[in-house]
Amino acid sequence: MVKNLEDVQQFGMDATLRSFGAFTKSAQAIAIELADYGKKVFEQGTAATEKLIGAKSLEKAIEVQSDYVKSSYEGFVAEATKLGELYADLAKEAYRPFESQFTKSAGVR
């Protein structure tokens with residue numbers, strides 16, 4: 001009985017450490033992605049502002065503004081999709097170390 005308890009504790013510790021490692025790796029990927037996106041948005045905003053300042057007519061200013069809004073929205077949707085996938089991967093990878101033990105526990109009953 002004591003040996004089984006020690007095995008369960010050891011498995012729990014090993015699985016927790018592996019899960020934390022997977023979580024850390026995925027969280028780092030998400031942070032890098034967010035930083036890259038923030039930089040990209042800032043650069044696009046700066047470029048759009050420069051174009052807007054240089055616009056010679058109201059029509060050109062509206063065109064610049066419309067193009068910027070459209071590209072910003074499309075970029076946001078793409079980034080939100082990508083981040084959703086990264087968060088889903090994070091959850092899967094963090095759960096994976098525990099999966100086999102839960103499967104064994106469910107099969108024993």
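In which helix is the place of Glu33? Glu33 belongs to helix 1, which covers residues 2–54. The legends below refer to a predicted model.

**Figure 1. Overview of the protein chain, a predicted model with two helices and zero strands.** The chain has 109 residues, and 15% of them count as buried. Its exposed area is about 8,500 Å², with 63% supplied by carbon and sulfur atoms. When contacts between residues at least 6 apart in sequence are considered, 76% of them join residues at least 24 apart.

**Figure 2. Close-up of Glu33 in helix 1.** Glu33 has a relative accessibility of 15%. Because the limit for buried is under 20%, Glu33 counts as buried. With neighbours within four places in sequence left aside, the residues in contact with Glu33 are Glu79, Lys82, Leu83 and Leu86. One of these, Glu79, lies in helix 2.

**Figure 3. Close-up of Glu79, a buried residue without a salt bridge.** Glu79 is part of helix 2. The nearest side chain of opposite charge belongs to Lys82, at 5.2 Å from Glu79. A salt bridge needs a side-chain nitrogen of Lys or Arg within 4 Å of a carboxyl oxygen of Asp or Glu, and Glu79 has none. Not counting residues up to four places away in sequence, Glu79 touches Glu33 and Tyr37. Glu33, one of these two partners, is itself buried, with 15% relative accessibility.

**Figure 4. Close-up of the nonpolar surface patch formed by Tyr73, Phe76 and Val77.** Together the three residues have about 330 Å² of accessible area. Val77 is located in helix 2. Its relative accessibility is 37%, so Val77 counts as partly exposed. The limits that apply here are 20% and 50%, with partly exposed lying in between.

**Figure 5. Close-up of Gln65 and Ala48, 17 residues apart along the chain.** The C-alpha atoms of Gln65 and Ala48 are separated by 7.4 Å. Gln65 sits in helix 2, which spans residues 58–108. With a relative accessibility of 42%, Gln65 counts as partly exposed.

Technical notes
Residues numbered from 1 in each chain as written. Predicted model: local features only at pLDDT ≥ 70, side-chain atom pairs only at ≥ 80, totals over all residues. Heavy atoms only, no water. Helix = DSSP H or I, 4+ residues; strand = E, 2+ residues; numbered from the N terminus. Buried < 20%, exposed > 50% of the residue type's maximum accessible area, 1.4 Å probe, protein only. Contact = heavy atoms within 4.5 Å. Patch = residues over 30% accessible without salt bridge, like charges linked within 9 Å, V, L, I, M, F, W, Y side chains within 5 Å. Areas by Shrake-Rupley, 256 points an atom, 1.4 Å probe, with all protein chains shown as cover. Lys, Arg positive; Asp, Glu negative; His and termini not counted.
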